Amino acid sequence: LLCEVLSLHLRSRFTVALLSNTRIKSTRDLLRAILFELGLPYRRRDEGELRLALIGFLSRSEKCPHGMLLIVDEAHSLNLRVLEELRMLSNLVRGGEPRVRLVLSGGPALEERFTHPKLDSFNQRLAARCYLSAWDRGETSQFISSQLAAAGGDSEEIFSPEAIDQIYNATEGIPRLVVQLC
């Protein structure tokens, strides 16, 4: 959801490609997925042709005036070769401006992935790291109440205070788990 909001918010400034398919296992798959998201031809091309097509698109300022924002969700599932390809794409600069800005979203395994020695140069280039923390008991209760109110329900009629406590205890305030359990 956060990736979608970020994508929608920044579409007025950048050409945005949002990759939410975690089945990207090769650099060819990555390049094809990016070209697909950009609405560019990607079928029946080898890896080199895919890369050149993407670079060509990014280099022509009239087609992509402010560069591309590439958002990759579930990035913790990407292998080292695909991550290295992402790093290489982020190296593309024209007129002193980066042509690819990259946002990687993933679970804790993504942070662990960046400890691998082969990703040292990528790790050093990361400009910011942001973390979403779990909710406390009050935030969990407030979220449940607001979601039920938005759906026309009354949380006090649906969940007792003890049930809210049990939901918090079972989920430890992790938003996705709160939603699933409710």
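1. Let me start out on a loop. At 60% relative accessibility, Pro 117 counts as exposed. You'll find Pro 117 in the loop between H5 and H6. Pick Leu 8 as a partner for a quick distance check: Pro 117 and Leu 8 are 109 residues apart in sequence, and their C-alpha atoms are 35 Å apart in space. Keep in mind throughout that this is a predicted model.

2. Now for the helix pair H2 and H3. Helix H2 covers residues 27–37 and helix H3 covers residues 47–59; their axes come within 9 Å and cross at roughly 40 degrees. The crossing of H2 past H3 is left-handed. On the H2 side, the residues that meet H3 are Thr 27, Arg 28, Leu 31, Arg 32, Ile 34 and Leu 35. On the H3 side, they are Glu 47, Leu 50, Arg 51, Ala 53 and Leu 54. Sorted by class, this H2–H3 contact has six nonpolar, one polar and four charged residues.

3. What about the nonpolar core? The largest one has 30 residues, and the members that touch the most others are Ile 34, Leu 54, Met 68 and Leu 70. At least two residues apiece come from strand S1 (15–19), H2, H3, strand S2 (68–72) and H4. H2 gives the largest share, five residues. As background, nonpolar side chains in soluble globular proteins tend to be buried together.

4. Leu 54 is worth clicking on. Ignoring neighbours within four places in sequence, Leu 54 is in contact with Leu 31, Ile 34, Leu 35, Leu 38, Met 68 and Leu 89. There is also another core, lying apart from the largest one, with seven residues, among them Cys 3, Leu 10, Val 16 and Leu 69.

5. On to charge pairs. Side chains of opposite charge can pair when their charged atoms come close. How many salt bridges does a search of the whole structure find? The search turns up six. Some of them are joined up: Glu 47, Arg 51 and Glu 85 are linked in a network of salt bridges. Two of those names should look familiar, as Glu 47 and Arg 51 are also among the H3 residues that meet H2.

6. Inside helix H4 (residues 80–90), Glu 84 and Arg 87 sit three residues apart, about one turn of the helix. Their side chains meet in a salt bridge, at 2.5 Å from N to O. Are the two partners buried or exposed? Glu 84 counts as partly exposed because its relative accessibility is 24%. Arg 87 has a relative accessible area of 13%, so it is buried.

7. Glu 97 and Arg 101 make another salt bridge through their side chains, with an N to O distance of 3.4 Å. Both ends count as partly exposed: Glu 97 is at 44% relative accessibility, and Arg 101 is at 22%.

8. Last, a salt bridge you might miss when scrolling along the sequence. Glu 111 pairs with Arg 129, and the closest N and O atoms are 3.0 Å apart. This pair links distant parts of the chain, 18 residues apart: Glu 111 is in helix H5 (residues 108–113), while Arg 129 is in the loop between helix H6 (120–125) and helix H7 (137–150). Glu 111 is partly exposed, with a relative accessible area of 33%. Arg 129 counts as partly exposed too, at 36% relative accessibility.

Conventions:
Residues are numbered from 1 along each chain as its sequence is written. This is a predicted model: local features need pLDDT of at least 70, side-chain atom pairs count only at pLDDT 80 or more; totals for chains, interfaces and linings use all residues. Side-chain values use heavy atoms; hydrogens and water are left out. Axes are lines fitted to C-alpha atoms, for helices over the stretch in contact, and angles run from 0 to 180 degrees between N-to-C directions. Helices (H or I, at least four residues) and strands (E, at least two) are DSSP runs, numbered from the N terminus. A crossing is left-handed if the near helix is turned anticlockwise from the far one by less than a right angle, and right-handed if clockwise. Contact means heavy atoms within 4.5 Å. Ala, Val, Leu, Ile, Met, Phe, Trp, Tyr, Cys and Pro count as nonpolar, Asp, Glu, Lys and Arg as charged, and the others, Gly among them, as polar. A salt bridge is a side-chain nitrogen of Lys or Arg within 4 Å of a carboxyl oxygen of Asp or Glu. Buried means under 20% relative accessible area, exposed over 50%, partly exposed in between (1.4 Å probe, protein chains only). A nonpolar core is a set of buried Ala, Val, Leu, Ile, Met, Phe, Trp, Tyr and Cys residues joined through side-chain atoms within 4.5 Å.
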